[in-house]
Amino acid sequence: MTSRKGRARRNSDCTAGGLRPALRAPHRPRRDEGAEQAFVIGVLTNVADFTRARAWGISDAPDYERYLADTAELLADALERFETVRARMFHPQDFEEFCVLHGLDPAESAARDRYLVNPPLQTQLLAYQGEELAGDFVPRLVRARENGLTLRHADLLLDGALLGGADRAEADEEHARWVRAAHQRGSEVFRRMLVGAGAGVYELRLRVEAPGGRLTAAARVLQWEDGVVRINDEELELVCAVLCAGLALELPAVAVLHGSQGSAASCGEYLPAAWAWSSGGPDWAPAARPVRLDGVAAQPGYSLGTVC
C-alpha cells in the first residue's frame with residue numbers, strides 16, 4: 001500500500017516565532033537559521049471558535065475571513081523559512097481545559113506555545129504544504145483532532161503500546177510484540193479490502209465497540225489500475241490503529257467499503273459498490289447479513305482470505 005502524503009514527524013518541535021495564529025512572526029530569520037526547526041501553528045477552524053478565542057488576544061483580525069487570510073500569509077511565509085511547517089486545530093475548550101490543568105493564564109502567549117506542542121496532542125498535527133486553508137485543509141484539521149482523540153483512546157485500551165508512550169509498553173516487550181502483530185494484521189485486513197475492490201474511488205467506514213465508547217474511523221481512498229493508492233496519512237494511520245485495537249482485544253466490529261468501482265482505463269465505466277465485513281475475534285469475515293453503517297447500506301463483502 002502506497003501513500004502519497006508525507007508523514008509528519010512525531011518528535012516535539014522547536015516552535016519558531018509567530019504562534020499567534022493571525023500575526024506575522026516578529027522577525028524574519030534567513031532560511032539557514034530556521035532550516036532545522038519546525039514551525040507549529042494552531043488554526044481556529046470556525047467563526048464560533050474565533051469569537052471565543054478573541055478574549056485571549058489570539059487575533060486582532062476584525063472577522064474570521066480576515067483571520068484566515070492573515071493565517072494563510074503567515075503559513076506561506078513560514079514555508080519559505082522553515083524546513084517543516086505543521087498545524088493543528090486550535091480548539092478553545094481543549095485549550096481552556098489545558099490551562100486549568102497546568103495552572104496557566106490563557107491570555108499569555110507561553111500558554112498557547114505549551115498547548116500547541118503538548119506531547120499527548122502531537123497526533124493532531126498535520127504537515128502544511130501550501131494547501132488552501134478554506135478548502136480541504138481546515139476540514140482536515142478538524143478531522144485530525146477527532147482522529148487524534150480516537151488514537152489516544154485506542155492507545156489507552158492497549159496500555160500505551162500503540163503510540164509507544166507508556167511505561168508498561170516499554171517494559172513489557174511481549175506486550176509490545178502482541179500489539180505490533182495485531183497492527184500488522186489490521187494493516188493486512190485493510191490492504192485486502194482494497195485489493196479485492198480494485199480500481200475506483202472509495203470510502204471506508206469502520207466501527208469498533210470498545211470499552212469507554214466506540215472507536216470509529218473513516219478514510220477516503222483513490223485506487224489506480226496499477227494498485228497505487230492515494231490516502232491521507234492521518235486517515236491511514238487511524239484506520240490501522242482502530243483495526244489493531246479491535247483485533248488485539250477481539251472486540252465486535254463492522255466495516256463498510258463503498259464508492260465507485262472502475263477506472264478511466266475501462267472507458268470511464270464506474271459502478272456503485274458497497275461491501276460489509278464484521279469481526280468479533282482475531283479475524284475479519286464477510287458480514288452475515290446486509291449492513292447499514294452511518295446511513296450507508298452494504299451487502300456482505302468478499303472473503304478476504306481469497307485476496308492475495
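The buried residues of helix H5 pack against strand E1 (38-43), strand E2 (84-89) and helix H4 (92-102). This is a predicted model, so everything here is read off computed coordinates. H5 itself covers residues 109-116, and its buried members are Ala111, Arg112, Tyr115 and Leu116. Looking down the axis of H5, those residues sit within an arc of 130 degrees, so they line one face of the helix. That fits the usual helical geometry: an α-helix has 3.6 residues a turn, so residues three or four places apart point the same way.

Just ahead of that helix, in the loop between H4 and H5, you'll find Ala107. Is Ala107 buried or partly exposed? Ala107 is partly exposed, because its relative accessible area is 41%, and partly exposed runs from 20% to 50%. Leaving out residues up to four places away in sequence, Ala107 touches Trp56 and Arg112, and Arg112 is one of the buried residues of H5. The C-alpha atoms of Ala107 and Ala53 are separated by 9.4 Å, with their positions 54 residues apart along the chain.

Now for the cores. The largest nonpolar core has 46 residues, and the members touching the most others are Phe190, Met193, Leu257 and Trp284. Two or more residues each come from helix H6 (133-157), helix H8 (173-197), strand E4 (200-208), strand E5 (215-223), helix H9 (233-249), strand E7 (253-263) and strand E8 (269-279). H9 gives the largest share, with 11 residues. Apart from this core lies another, of 36 residues, including Ala61, Ala87, Phe90 and Phe98. In soluble globular proteins, nonpolar side chains tend to be buried together.

Leu257 is a handy residue to click on. Beyond its neighbours within four places in sequence, Leu257 is in contact with Met193, Leu194, Ala197, Tyr202, Glu203, Leu204, Ala273, Ala274, Trp275, Trp277 and Tyr302.

What about open space? The largest pocket holds about 270 Å³. It has 18 lining residues, and Asn147, Thr216, Ala217, Ala218 and Leu238 lie nearest its centre. H6, E4, E5 and H9 each give two or more residues to that lining, with the largest share, five residues, coming from E5. How do the lining residues divide into nonpolar, polar and charged? There are six nonpolar, three polar and nine charged. Those four elements also appear among the contributors to the largest core.

Two loop residues have an unusual backbone. Most residues other than glycine have a negative phi. Asp159 breaks with that, showing a positive phi of about 55 degrees although it is not a glycine, and Asp294 likewise has a positive phi of about 55 degrees. Here they are side by side:

| Residue | Loop | Phi | Relative accessible area |
|---|---|---|---|
| Asp159 | between H6 and H7 | about 55 degrees | 31%, partly exposed |
| Asp294 | between E10 and E11 | about 55 degrees | 55%, exposed |

For orientation, the strands around Asp294 are E10 (291-293) and E11 (296-300).

Gly160 shares the setting of Asp159, in the loop between H6 and helix H7 (167-171). Gly160 is buried, because its relative accessible area is 5% and buried means under 20%. Gly160 and Val179 are 19 residues apart in sequence, and their C-alpha atoms are 9.7 Å apart in space.

Terms used: Residues are numbered from 1 along each chain as its sequence is written. This is a predicted model: local features need pLDDT of at least 70, side-chain atom pairs count only at pLDDT 80 or more; totals for chains, interfaces and linings use all residues. Side-chain values use heavy atoms; hydrogens and water are left out. A nonpolar core is a set of buried Ala, Val, Leu, Ile, Met, Phe, Trp, Tyr and Cys residues joined through side-chain atoms within 4.5 Å. Buried means under 20% relative accessible area, exposed over 50%, partly exposed in between (1.4 Å probe, protein chains only). Contact means heavy atoms within 4.5 Å. On a 1 Å grid over the protein atoms alone, a cavity is a set of points where a 1.4 Å probe fits but cannot get out, and a pocket is an open set with protein on both sides within 12 Å along at least five of seven lines; lining residues have an atom within 4 Å of a point. Grid points are joined across faces, edges and corners, and a volume is the space filled by probe spheres set on the points. Ala, Val, Leu, Ile, Met, Phe, Trp, Tyr, Cys and Pro count as nonpolar, Asp, Glu, Lys and Arg as charged, and the others, Gly among them, as polar. The arc is that of the directions from the helix axis to the C-beta atoms.
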